[in-house]
Amino acid sequence: MEKLQNYINGRWVDSHSSEFTNVLNPASQEILMQVPTGNAQDVADAAQAAHEGFQEWRSTPVSKRVQYLFKLKTLLEDNIDDIAKTITLESGKTFLEAKAEMVRAIENVENACGMPALMQGEFSEDIAKGIDEYMIRQPLGPCACIAPFNFPGMITFWFLPYALACGNSYIIKPSEKVPLTMTKIVALMEKLDLPKGVLNLVQGGREVVDALLEHPVIKGISFVGSSTVAKYVYSKGAAHGKRVQAQGGAKNPVIVLPDADIDMTTQIVIDSVYGCAGQRCLAASTIITVGEHKDITESLVESAKNRKTGFGLESDVQMGPVISAESKNRVNHLIDKGLNEGGRLLVDGRNAKVPGFENGNFIEPTIIEDIPLDGELAATEIFGPVLSLVHINTIEEAIRFINSGRYGNMACIFTSSGLNARKFRHEAEAGNIGINIGVAAPVAQFPFSGWKDSFYGDLHGQGNHAVEFFTQTKVVIERWLKEWNRKF
């Protein structure tokens with residue numbers, strides 16, 4: 001069985017760890033490859049390479065740094081189908097979902113190509129007589145990304161292109177569940193001929209994460225994952241003097257008012273709940289109807305029943321499996337929990353069987369109605385293809401319910417009332433707001449926002465927040481007196 005390697009200082013090298021875990025196709029349980037568990041020595045090697053590479057890279061003019069990103073954009077576009085196939089094989093999502101993921105990754109590369117303008121400083125002449133003051137941006141230093149399993153290609157690119165364009169060296173730590181995609185992408189990036197040490201990849205699990213958080217050379221950490229781990233990463237990284245941006249979990253609510261367009265709302269909600277088998281931090285989870293709800297309920301049920309589940313490389317499949325057998329068992333347990341709490345099952349996706357893929361981690365679309373608002377299911381991130389449907393009398397009550405939750409990643413409303421839409425936009429406590437649209441992810445020019453327990457830190461990924469995160473400001477106050485001039 002082929003074993004994955006690390007990429008350090010411009011070379012593919014074996015891990016210092018002798019332990020490996022299997023990378024499985026979640027649709028079939030086929031072993032795709034083996035990945036090392038990794039250790040602190042792997043991180044030390046990568047950090048040393050990143051430190052040395054940073055010395056040259058930081059002094060490379062930004063106009064030259066972005067030329068590598070222009071080439072990277074072309075490389076990703078030329079290989080997008082091959083990358084998307086790898087994403088499908090190791091994460092389970094459909095080919096179209098995987099390809100869409102890489103389109104969003106490429107958008108971030110494009111945006112970072114504008115770094116000559118994005119990282120410009122500020123200048124004020126004569127703040128006092130003969131004295132000028134200005135602010136410049138300089139790179140932070142070696143940085144690292146600890147990536148999740150659900151978007152093997154895209155999420156690293158919320159950070160990587162901005163870090164490189166700002167003059168930082170970088171270490172990628174992909175999820176040990178889906179390491180093949182970034183391994184493939186880093187192999188492609190070898191063609192860029194970046195200076196040695198500027199780009200590094202370290203495979204592994206918990207020990208590698210802790211070593212990244214503790215190593216003194218690494219100045220910034222970007223993380224996406226569950227809130228529990230995000231809080232741990234933020235706390236430990238900050239305790240070791242690092243900048244940290246840690247995106248956590250979510251329990252994303254959607255309000256449907258009686259004046260919403262039923263057909264449009266149904267399609268968008270179904271795509272949001274069941275896209276990527278619900279394994280997205282922006283997936284809609286709790287659908288809150290206000291007032292009359294019979295039509296929207298029936299429409300959601302019909303659409304959920306008609307969504308085809310299967311292996312993501314088959315063209316007519318609309319939803320793949322969840323990532324692992326453990327995830328499948330957890331989701332099934334939470335469905336049972338909702339029913340035990342008094343919820344009613346409108347669509348049951350448990351015990352799904354896909355011909356030819358009987359061992360896959362499949363759960364078909366599921367809808368539970370009338371779960372108690374103060375119950376465990378209403379507060380728990382399911383991270384699976386489960387729609388919780390609740391009915392509330394007024395928009396005020398619905399917003400109060402939303403704001404009572406611990407998460408604040410995304411919230412949406414469907415309505416034809418501008419007044420209610422504005423009220424929701426103003427009052428809903430979430431970092432990403434959708435009005436008559438599901439929030440897939442902000443485009444690259446905007447930060448991926450998140451509030452409350454959905455985010456730990458100050459600056460999010462993407463856009464100007466990424467520029468702020470990957471640079472440090474230096475203020476210069478300058479005076480030149482005429483009598484200092486010399487004639488030569």
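Two strands pair if DSSP finds at least two bridges between them. Helices (H or I, at least four residues) and strands (E, at least two) are DSSP runs, numbered from the N terminus. With that in hand, take R137, which stands opposite T473 in β22.

This is a predicted model, in which local features need pLDDT of at least 70, side-chain atom pairs count only at pLDDT 80 or more, and totals for chains, interfaces and linings use all residues. Residues are numbered from 1 along each chain as its sequence is written, and side-chain values use heavy atoms, with hydrogens and water left out.

## The annotated span

UniProt, in an unreviewed entry, places the feature "domain: Aldehyde dehydrogenase" at residues 12-476. UniProt positions are given in the numbering used here, feature names are shortened, and annotations may be inferred rather than shown by experiment. In the model, residues 12-476 are 38% helix and 21% strand. The C-alpha atoms at the two ends of this span lie 42 Å apart.

## An open sheet

Strands of a sheet pair through backbone hydrogen bonds, either parallel or antiparallel. Which order do the three strands of the open sheet follow? The order is β5-β6-β22, and the pairing is antiparallel. β5 (122-128) and β22 (471-479) are the edge strands, each pairing on one side only. From one strand to the next, the twist averages 25 degrees. (Axes are lines fitted to C-alpha atoms, for helices over the stretch in contact, and angles run from 0 to 180 degrees between N-to-C directions.) Strand β6 (residues 131-139) is joined to β22 by nine bridges.

## Strand β10

β10 pairs with two strands in the parallel sense. Four bridges link β10 to strand β7 (residues 143-146). There, I221 in β10 is the bridge partner of A144. Five bridges link β10 to strand β11 (residues 243-247). Here F223 stands opposite A246 in β11.

Are the faces of β10 covered or open? Both are covered. G220, S222 and V224 are buried on one side, and I221 and F223 on the other. That makes five of five residues buried (buried means under 20% relative accessible area, exposed over 50%, partly exposed in between, with a 1.4 Å probe and protein chains only).

K64 offers another case. This residue is found in helix α2 (residues 62-78). K64 counts as partly exposed because its relative accessibility is 47%. K64 and P116 are 52 residues apart in sequence, yet their C-alpha atoms are 9.5 Å apart in space.

## Pockets and cavities

Both terms rest on a 1 Å grid over the protein atoms alone. A cavity is a set of points where a 1.4 Å probe fits but cannot get out. A pocket is an open set with protein on both sides within 12 Å along at least five of seven lines. Lining residues have an atom within 4 Å of a point. Grid points are joined across faces, edges and corners, and a volume is the space filled by probe spheres set on the points.

For the linings, Ala, Val, Leu, Ile, Met, Phe, Trp, Tyr, Cys and Pro count as nonpolar, Asp, Glu, Lys and Arg as charged, and the others, Gly among them, as polar.

| Space | Volume | Lining by class |
|---|---|---|
| Largest pocket | about 960 Å³ | 15 nonpolar, 12 polar, eight charged |
| Second largest pocket | about 500 Å³ | 14 nonpolar, four polar, six charged |
| Largest cavity | about 100 Å³ | seven nonpolar, four polar, three charged |
| Second largest cavity | about 50 Å³ | three nonpolar, four polar, one charged |

The largest pocket is lined by 35 residues, and F149, K177, G225, S226 and V229 are the closest to its centre. At least two lining residues come from each of α8 (206-214), β10 (220-224), α9 (227-239) and α12 (325-340).

The second largest pocket has 24 lining residues. F151, D271, C276, R280 and A440 lie nearest its centre. Two elements, α4 (95-112) and α10 (262-274), give two or more residues to this lining. Which element gives the most? α4 does, with four residues.

The model has three cavities of 30 Å³ or more. Around the largest cavity are 14 lining residues, the closest to its centre being G278, A283, A284, S285 and F383. S91, G92, K93, F149, N150, C276, Q279 and P321 line the second largest cavity.
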